[in-house]
Amino acid sequence: DASMMDSGLRDALVGHLHPMLQAHIPDCVVVYDNAPFDWHHPPQRFMTIEIEPFAAHPLGCAAHPKTRLRGYVYVTTYAPLGEGTAWAMRTLTWLASQMQYQSWSPVQLETVQPVRLRAATGFDTRGFKCAFYGDV
């Protein structure tokens, strides 16, 4: 079922992203998948990462085939209005280069694509989505 994501795939994604982000931008708060966060008093700059499955299909015709799950990792940066886009663009460019076409067993990452974002009060938002798949 595409609405349910195998926790092993999510754990593999977060398990690679979290240490990378901590090492590269340790002062940036990262909110994963709607985790608890004080949206009324956010830090000056922060990032959200959402892992969203969108499809699943069987691999092969066996009685109990493996299932390929497909999804997107959505990355969004938030910076105060009027501060410019340098931090967001530098951060997103670096992260996209670390994700695109990588193999983070058992997850395969594919193309990074820009996304159109809704405005967030008081913040400039920039982001991308990176397609992924994994077999379970």
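Helices and strands are runs assigned by DSSP: a helix has at least four residues, a strand at least two, and numbering starts at the N terminus. With that settled, look at Asn34, which lies in the loop between S1 and S2. The model is a predicted one, and this loop is one of several places to visit in it.

Start with the whole chain. The protein has 136 residues, and 36% of them are buried. Its secondary structure comes to two helices and six strands. Along the sequence the pattern reads α-β-β-β-α-β-β-β. The C-alpha atoms fill a box of roughly 55 × 25 × 25 Å, taken along the principal axes. Now consider contacts with a separation of 6 or more: 60% of them join residues 24 or more positions apart.

The surface comes next. The accessible surface is about 7800 Å², and carbon and sulfur atoms hold 52% of that area. The protein carries 10 positive and 12 negative charges. The mean positions of these two sets lie 7 Å apart.

Turn to the sheet. Six strands form an open sheet with mixed pairing, in the order S1-S2-S3-S6-S5-S4. Its edge strands are S1, residues 29-32, and S4, residues 103-104, and each of them pairs on one side only.

Begin at the S4 edge. S4 pairs with S5, residues 107-114, in the antiparallel sense. Two bridges make up this pairing. Ser103 has Gln108 in S5 as its bridge partner. Trp104 has Val107 as its partner in S5. A hairpin of two residues joins S4 to S5.

Which residue does a cis peptide bond join to Ser105? It is Pro106, and omega of this bond is about 5 degrees. Pro106 sits in the loop between S4 and S5.

Step on to the next strand. S5 pairs with S6, residues 123-135, again in the antiparallel sense. Here there are six bridges. In one place along the pair, Gln113 stands opposite Lys129 in S6.

Next, find Arg68. It belongs to strand S3, residues 66-80. The side chain of Arg68 makes a polar contact with the side chain of Asp135, at 2.6 Å. What else does Arg68 touch, leaving aside neighbours within four places in sequence? Besides Asp135, the residues in contact with Arg68 are Ala55, Ala56, His57, Leu59, Tyr133 and Gly134. Strand S2 spans 46-59, and S6 spans residues 123-135, which places these contacts of Arg68 in S2 and S6.

Finish at the other edge of the sheet, where the tour began. The loop between S1 and S2 holds Asp33 and also Asn34. Phi of Asp33 is near 45 degrees, a positive value in a residue other than glycine. Asn34 is not a glycine either, yet its phi is positive as well, at about 60 degrees.

Are these two residues buried or exposed? Take a cut-off first: exposed means over 50% relative accessible area, and buried means under 20%. Asp33 has a relative accessible area of 23%, so it falls in between and is partly exposed. Asn34 reaches 67% relative accessibility, so it counts as exposed.

Terms used
Residues are numbered from 1 along each chain as its sequence is written. This is a predicted model: local features need pLDDT of at least 70, side-chain atom pairs count only at pLDDT 80 or more; totals for chains, interfaces and linings use all residues. Side-chain values use heavy atoms; hydrogens and water are left out. Buried means under 20% relative accessible area, exposed over 50%, partly exposed in between (1.4 Å probe, protein chains only). Contact means heavy atoms within 4.5 Å. Accessible areas come from the Shrake-Rupley method with a 1.4 Å probe; for residues, only the protein chains shown count as cover. Lys and Arg count as positive and Asp and Glu as negative; His and the chain ends are not counted. The place of a charge is taken as NZ of Lys, CZ of Arg, CG of Asp or CD of Glu. Two strands pair if DSSP finds at least two bridges between them. A polar contact is a pair of N or O atoms within 3.5 Å; within protein, one must be able to donate a hydrogen and the other to accept it, and residues adjacent in sequence count only if both atoms are side-chain atoms.
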